[in-house]
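Visitor: Please show me the structure, and let me ask about its interior.

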Amino acid sequence: MAETRSDKGSASLFSPFKMGKFKLSHRVVLAPMTRCRALNEIPGEALVEYYVQRSTAGGFLITEGTLISPTAAGFPHCPGIYTKQQVEAWKKVVDAVHAKGAIIFCQLWHVGRASHQVYQPSGAAPISSTSKPISKRWRILMPDAKHGMYPNPRRLTISEILEVVEHYRQAALNAIEAGFDGIEIHGAHGYLIDQFLKDGINDRMDEYGGSLANRCKFIMQVVQAVAGAIGADRVGVRISPAIDHLDATDSDPLNLGLAVIDKLNKLQVVLGSRLTYLHVTQPRYTAYGQTESGRHGSEDEESKLMRTWRGAYQGTFICSGGFTRDLGIQAVAQGDADLVSYGRLFVSNPDLVLRLKCNAPLNRYIRATFYTQDPVIGYTDYPFLSTGSEGHGPFSRL
């Protein structure tokens with residue numbers, strides 16, 4: 001069982017935690033981050049080194065978004081988990097991470113309308129809950145490293161929605177075959193599941209649109225199918241009710257989050273087992289709460305949202321989104337989160353756990369190399385604290 005709220009006084013970012021059946025030695029999590037280094041959607045040796053560099057004994061890693069089907073891509077060279085070749089390639093990554101004593105989940109991803117014909121089989125339109133495109137405010141990264149406009153998507157039929165649910169289920173089974181300890185369902189940040197959840201996108205008039213219950217139907221079908229296939233105790237869910245990325249706005253993010261959480265809590269009762277965790281992105285860098293004057297919601301308002309969702313969810317709660325060392329320590333100490341996931345800081349600091357624990361200086365990340373295809377530059381060449389060297393330096397140990 002996860003710690004109770006009464007344990008928060010003795011909890012720290014660096015104290016052990018029992019996440020379901022997984023015993024963690026600390027609470028610093030590698031957040032899922034698209035890195036575009038899996039050439040032709042096949043994980044290679046570069047991914048092995050990248051994930052091993054960020055592994056610690058008893059640490060928890062979540063992979064980058066991993067494609068569940070041929071229609072799921074919206075970036076160049078993202079890894080998949082829907083073919084035998086991809087499964088076999090992931091085994092090398094997982095085995096290497098396990099050899100370091102770490103736990104690793106595969107994030108299952110479908111971008112929905114956040115794609116382009118160039119990424120789709122036979123140049124078809126991307127699929128979504130809607131036929132509305134993402135606005136011109138946003139640009140998509142193309143295979144030639146230029147940026148393009150998002151096209152009009154194709155609205156899924158009900159029968160096609162059920163096929164996508166099956167793709168998630170099969171991808172989860174494939175992940176377990178590859179040796180992953182579990183999976184995370186990516187239901188956040190304006191991608192396919194979020195396109196069903198948010199009323200700023202979902203304009204359906206059928207059983208998947210309109211009411212909160214209807215808009216939650218797709219995510220709950222996915223969670224139930226995946227949990228039924230691999231066990232609830234191997235399933236995490238990520239949501240971002242207050243994040244406006246890719247036009248993913250909702251008129252009532254607080255109650256959207258509570259509706260999803262209520263349904264997850266009830267599903268856990270039906271399944272007779274808790275999910276591994278709920279992973280929620282902070283609204284720290286969004287347009288949520290923006291007024292006509294351009295001002296954003298206050299930090300207190302944002303914290304109230306997260307604390308409300310945290311208090312409602314019955315299970316392990318992970319926070320992400322712009323956390324520093326101090327903010328992570330504070331979130332755990334105050335009971336606002338059980339675990340804290342770090343993204344950009346983990347890109348540039350492969351030994352981030354050690355650096356945070358020692359309060360050591362951090363390498364600055366280079367944003368221009370986040371989504372390049374180079375197998376080393378901006379990927380595995382950031383220096384380690386112990387040597388100051390780049391590339392193949394000693395891995396961090398706690």
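The questions below go from the core to the pocket and cavities.

Guide: This is a predicted model, where local features need pLDDT of at least 70, side-chain atom pairs count only at pLDDT 80 or more, and totals for chains, interfaces and linings use all residues. Residues are numbered from 1 along each chain as its sequence is written, and side-chain values use heavy atoms, with hydrogens and water left out.

Visitor: Which helix gives the most to the largest nonpolar core?

Guide: A nonpolar core is a set of buried Ala, Val, Leu, Ile, Met, Phe, Trp, Tyr and Cys residues joined through side-chain atoms within 4.5 Å. Buried means under 20% relative accessible area, exposed over 50%, partly exposed in between (1.4 Å probe, protein chains only). The largest core has 107 residues, and Y51, I183, F218 and Y342 have the most contacts inside it. The top contributor, with nine residues, is helix α6 (residues 217-230).

Visitor: How many residues are in the second, separate core?

Guide: In soluble globular proteins, nonpolar side chains tend to be buried together. The second core here is separate and includes L24, V29, F105 and I318. Its count is 12 residues.

Visitor: Which elements do the buried residues of α1 pack against?

Guide: Helices (H or I, at least four residues) and strands (E, at least two) are DSSP runs, numbered from the N terminus. Helix α1 spans residues 45-53, and eight of its nine residues are buried. Among them are A46, E49 and Q53. Their packing partners are β3, β4, α2 (84-99), β5 and α10.

Visitor: Is I134 buried or exposed?

Guide: I134 sits in the loop between β6 (127-128) and β7. It touches R113, A114, Y150, L246 and D247, not counting residues up to four places away in sequence; contact means heavy atoms within 4.5 Å. The relative accessible area of I134 is 4%, so it counts as buried.

Visitor: Why is there no bond between C36 and C78?

Guide: A disulfide is a pair of cysteine sulfur atoms within 2.5 Å. The whole structure has zero disulfides. C36 is buried at 0% relative accessibility, whereas C358 is partly exposed at 48%. The closest cysteine sulfur to that of C36 is in C78, and it is too far for a bond because the distance is 4.6 Å.

Visitor: Which element gives the most to the lining of the largest pocket?

Guide: On a 1 Å grid over the protein atoms alone, a pocket is an open set of points with protein on both sides within 12 Å along at least five of seven lines, a cavity is a set where a 1.4 Å probe fits but cannot get out, and lining residues have an atom within 4 Å of a point. The largest pocket has 49 lining residues, and H189, H245, R344, R367 and Y371 lie nearest its centre. β5 (103-109), β7 (140-141), β14 (339-342) and α10 (344-348) each give two or more residues. With three residues, the top contributor is α10.

Visitor: What is the volume of the second largest cavity?

Guide: There are two cavities of 30 Å³ or more. The second largest has V28, L30, F60 and F346 among its lining residues. A volume is the space filled by probe spheres set on the grid points, which are joined across faces, edges and corners. For this cavity the volume is about 30 Å³.
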